[in-house]
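Q: Please take a close look at one part of this predicted model. I would like a connected account that a first-year student can follow.

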Amino acid sequence: MSYDLDPELLPWLDMLPQVTLTDYDALVAGRTQQSQLADLVPVYEPAHPIDVRDETAPGPSGAPDVRVRVYGRAGRENPMPGLVYIHGGGFIIGSVEMFEAHVLKLVDQLDIVVVSVDYRLAPEHPFPAPVEDCYAALRWTAAKAGELGIDPARLGVGGESAGGGLTAGTVLLARDRGGPELAFQLLAIPELDDRLDTESMRDYVDTPLWNRPNAIYSWTAYLGTEPGGDDVSPYAAPSRATDLSGLPPAFVTTCQYDPLRDEGVEYARRLAHAGVPTELRLYPGTFHGSSLVESAEISRRMFADEVEALRRGLKVTDSR
């Protein structure tokens, strides 16, 4: 298909890695291309000194501990809002390092504490390992809120792409397991539905960075079986959840030429219908991951919207 992409994104298309996920060997090659994506993002120099340290959270029962990276402005005195951040990568690629520049910008601009989760990746660790790692990290964050300088009444979860899907799954687990209480959820271009049957998922077979073939492999690796079956857990594919009531306020973003577009739009609609305060943004002329092109006006707008959504959702009072 042809796509009417934003003109500022077009010159960058040839510089994006061409990742085609067909089997495990292709995945290994795709993981080595992470550095190419990182090279597209300029090094971020914070305006404020930021403390960064690695910690370990107790893992799920019978599983290893979970590595987390904690970010916060240096010299904080009062408890600040907290965000458990879950990186993207189709459940199969990615790391806290890959998304560090993005997290540093959030901490620098908002003066919040971010706990970034280095969850186990599929297919080596299929569902429920990744989402259980994220939930374990959330529980640890809530339990350690005082030590981390976090106000537990202003704690949220957020992530991008597969991280958005894992955010939705983690939020469902928090509701159904009786906590921790959450103030906000950020679902950025989220991967939510293994059934692969929306119009955007059916049609976008050759879009940049992410497309239907990659989504099929992603879900197969994460579930450990063919996607679209009858017994897929809503904690794996949150679009499967029949009850979305009682969840924290949500900010959902989608890109026009993204196979994940329609599942994000539909999940936002269902959240709103369930009584969850929900804001949805659909960015024209964009594709999945196009925000890597930070110089484009549309990318700057996407980031500014995310910052403002977090400012409202986490009740940030002063981030100067």
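A: The account may begin at one position in a strand: T253 stands opposite R281 in β8. The strands concerned are β7, residues 250–257, and β8, and they pair in the parallel sense over seven bridges. In general, strands of a sheet pair through backbone hydrogen bonds, either parallel or antiparallel.

This pair belongs to an open sheet of eight strands, in the order β1-β2-β4-β3-β5-β6-β7-β8, with mixed pairing. The strands β1 (50–57) and β8 (278–287) stand at the edges and have a single partner strand each, so one side of each is left without a neighbour in the sheet. On average, neighbouring strands of this sheet are turned by 20° against each other, direction ignored. Across β6 (184–188), β7 and β8 lies helix α9, residues 261–273, which runs at about 150° to β7.

The next element to consider is helix α8. This helix comprises residues 212–223, twelve in number, and reaches 16 Å from its first C-alpha to its last, close to the 16 Å expected at 1.5 Å a residue. At its start, a side-chain oxygen of N211 reaches to within 3.2 Å of the backbone nitrogen of N214. After α8 comes G224, whose phi is positive, near 75°.

The buried residues of α8 are N214, A215, Y217, S218, W219, A221, Y222 and L223. Their cover includes α1 (24–32), α4 (129–143), α6 (162–176) and α7 (199–203).

Aromatic rings complete the picture, for the structure holds eight aromatic pairs. One of them is formed by Y3 and Y204; this pair is edge-to-face, with 5.6 Å centre to centre and 85° between the planes. Y3 lies in the segment before α1, whereas Y204 lies in the loop between α7 and α8, so the pair ties together parts that are 201 residues apart in sequence. Y3 is buried, with a relative accessible area of 18%, and Y204 is buried too, with a value of 8%.

Within α8 itself, the rings of W219 and Y222 have their centres 6.1 Å apart and their planes at 50°, so this pair is tilted. W219 and Y222 are three residues apart in helix α8 and are therefore separated by about one helical turn. Both W219 and Y222 are buried. Ring pairs also link W219 and Y222 with F91 and F127 into a cluster.

Technical notes. Residues numbered from 1 in each chain as written. Predicted model: local features only at pLDDT ≥ 70, side-chain atom pairs only at ≥ 80, totals over all residues. Heavy atoms only, no water. Helix = DSSP H or I, 4+ residues; strand = E, 2+ residues; numbered from the N terminus. Expected span 1.5 Å × (residues − 1). Buried < 20%, exposed > 50% of the residue type's maximum accessible area, 1.4 Å probe, protein only. Contact = heavy atoms within 4.5 Å. Polar contact = N/O pair within 3.5 Å; in protein donor to acceptor, adjacent residues only side chain to side chain. Pairing = 2+ DSSP bridges. Axes fitted to C-alpha atoms, helices over the stretch in contact; angles between N-to-C directions. Phe/Tyr/Trp six-rings, centres within 6.5 Å; stacked < 30°, edge-to-face > 60°.
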